[in-house]
Amino acid sequence: MSVSASEIPAANGIISVCNLIKQFGRFAALRGVDAEFAAGKFHVILGDNGAGKTTLLRALAGLAHPTRGTISILGKTPREACREIGYMAHPSLLYDEMSGMENLRYFARLYDISGNSRPEQVIRLVGLDPELSRPVGKYSQGMRQRMSLARAILHDPKILLLDEPFSNVDIHSAREMVGLLKGMRDAGKTIFLVTHQAALLEGVADEFVWMQAGQIAERSSHLAPGVRTERP
Amino acid sequence: MSSFWSITLATLSKDIRLEWRSKDALNAMLFFSLLVVVIFVFSFDPLAEESRHIVGGLVWVAFLFAAVVALNQTWARELRNQVLDAYRVSPASANSLFVAKVLGNFILVSLLEALMAPLFVVFYNLRVLGPAWQLIPVALLGTWALVVNGTFFAAMSLRTRSRELMLPLLLFPVSIPAVISMVAATTNILTGEDSAHFYIVLLLTYDVVFTTACLALFETVLQAE
């Protein structure tokens, strides 16, 4: 069900989710999620497989249409706020047959960004070489994840939605990515990150959100000792 | 250049680059059409006079089936790595994507027609008795009719389990008026017995109506889950 901006409570500066329900047939992936998230903070979403983390992220990105409930991103619907959102999914969202630079040049055009300078800049920012001519399909998994992050930040969005960015990435590269994300948060970006490796983000994230059975079970500013990624 | 056409051209050149590197659709279409031509020649072995009456139907049936191969490929590459989601979250217009895909398929199918038409002429010993130049608008309008609906229905069947089967099931019934017009116009031009004018106008009307409908509905199809 799509919702017009007029039906959404004005909530500039925050991301709010009101009674969000998302059903796939008879299965409810989200069961009435109610939450407000402060802008400019680093929110880490944790939970078991099937808890609804990815569905929540896709709903915030405007890819999953709520069955019921509303989402307000900086006072707009996700579709209206699409220029402010950068989305990194579990798959790379990149064309395997093209090089990283060719991919980013194409996606830059979708945001009315022309020329090579911005794609080159973000590729260097994620620690890759813009001159790399081999196709993305021949990249290592870690390089693909970095290039996928580069695509998500290409248009300098205010909000970053990252779905398991550290999966299949070695610990050194993952720590580098965390450092990069910390820098972005410090620069005022709002980050939502779904992961099973919450320990990497201890001391960096502003909030840990535990999801369970399609609902938010707990929110905390720190990981409970010994709990790490397990739900409370 | 407006943002719409800039994105359309960027998507079109990206698709042409990808097709040039993989040649997935073009190779499949060429082999398929070649097979159809050869099988029909051995099956019918027609005289020149008979050919003029049946070849319009054979040509367009061959191109219709071959086009389906290309149409399925167009969207298949957008599904790998869920690249289509990157487009869906962007502010780019849905119709930019649609127009780029239609133009890409139009170029591919036109290229196939240009390569296969001489083979039909040679194998069926064809000589055009009517105004041959009219074959150009028939080919352009007929190809557009196939690819505009084909691209739309291929996008519609993207998320279905058996999309290769769904596309012809959706496309062929809707294409019947266009196919009848294409075949009748081609036959009239080849035999010179009647004017093809009526069928050319019919094809033009069909193209305008279905292009408008597809453009009006494509955003819904793209944003559907």
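Me: Which strands does helix 1 of chain A lie across?
Reply: In this predicted model, helix 1 of chain A, residues 53–61, lies across strand 1, strand 2 and strand 4 of chain A. Against strand 2 of chain A the helix runs at about 65 degrees.

Me: OK, and what order do the strands of that sheet come in?
Reply: The order is 2-1-4 in chain A. The sheet is open, has three strands, and its pairing is antiparallel.

Me: Which ones are the edge strands?
Reply: Strand 2 (27–38) and strand 4 (68–73) of chain A, each of which pairs on one side only.

Me: How much are neighbouring strands turned against each other?
Reply: By 15 degrees on average, ignoring direction.

Me: How many bridges hold strand 1 to strand 2 in chain A?
Reply: Nine bridges, with the two strands paired in the antiparallel sense. If you want a spot to click on, L20(A) stands opposite V33(A) of strand 2.

Me: What about the hairpin between those two strands, how many residues sit between them?
Reply: Two residues. G25(A) takes a positive phi there, near 65 degrees.

Me: And the other side, how many bridges between strand 1 and strand 4 of chain A?
Reply: Five, joining strand 1 (residues 14–24) to strand 4, and these strands run antiparallel. On that side, I21(A) has R68(A) of strand 4 as its bridge partner.

Me: Switching to helix packing. At what angle do helix 2 and helix 4 of chain A pack?
Reply: About 20 degrees, with the axes 10 Å apart. Helix 2 covers residues 100–110 and helix 4 covers residues 141–153.

Me: So are helix 2 and helix 4 of chain A parallel or antiparallel?
Reply: Roughly parallel: the angle is about 20 degrees, and under 35 degrees counts as roughly parallel. Their crossing is right-handed.

Me: Which residues make that contact?
Reply: From helix 2 of chain A you have G100(A), N103(A), L104(A) and F107(A), and from helix 4 of chain A there are M147(A), A150(A) and R151(A). By class, this contact of helix 2 with helix 4 has four nonpolar, two polar and one charged residues.

Me: Now chain B. How many helices and strands does chain B have?
Reply: Eight helices and zero strands.

Me: How does the radius of gyration of chain B sit against the globule rule?
Reply: The radius of gyration of chain B is 18 Å, close to the 17 Å from the rule for 225 residues, so chain B is as compact as a globular protein of that length. Along the principal axes, the C-alpha atoms of chain B fill a box of roughly 55 × 30 × 30 Å.

Me: What angle do helix 5 and helix 6 of chain B pack at?
Reply: About 135 degrees between helix 5 (residues 94–123) and helix 6 (residues 135–156), with their axes 9 Å apart. That makes helix 5 of chain B oblique to helix 6 of chain B. Their crossing is right-handed.

Me: Which residues are in that contact?
Reply: Helix 5 of chain B gives residues including F98(B), V102(B), F106(B) and V109(B), while helix 6 of chain B gives residues including W144(B), L146(B) and V147(B). The residues of the helix 5 and helix 6 contact in chain B divide into nine nonpolar, five polar and two charged.

Me: Last thing: how many residues does each chain put into the contact between A and B?
Reply: Chain B puts in 21 residues and chain A puts in 24 residues. On the side of chain B that touches chain A, the largest share, eight residues, comes from helix 1 of chain B. That side of chain B divides into nine nonpolar, six polar and six charged residues.

Key: Residues are numbered from 1 along each chain as its sequence is written. Chains are lettered from A and ligands numbered from 1 in the order in which they are written. This is a predicted model: local features need pLDDT of at least 70, side-chain atom pairs count only at pLDDT 80 or more; totals for chains, interfaces and linings use all residues. Axes are lines fitted to C-alpha atoms, for helices over the stretch in contact, and angles run from 0 to 180 degrees between N-to-C directions. Helices (H or I, at least four residues) and strands (E, at least two) are DSSP runs, numbered from the N terminus. A crossing is left-handed if the near helix is turned anticlockwise from the far one by less than a right angle, and right-handed if clockwise. Two residues are in contact if their C-beta atoms, placed from the backbone, lie within 7 Å. Ala, Val, Leu, Ile, Met, Phe, Trp, Tyr, Cys and Pro count as nonpolar, Asp, Glu, Lys and Arg as charged, and the others, Gly among them, as polar. Two strands pair if DSSP finds at least two bridges between them. The radius of gyration is taken over C-alpha atoms; the globule rule is 2.2 Å times the number of residues to the power 0.38. Angles under 35 degrees count as roughly parallel, over 145 as roughly antiparallel, 65 to 115 as roughly perpendicular and the rest as oblique.
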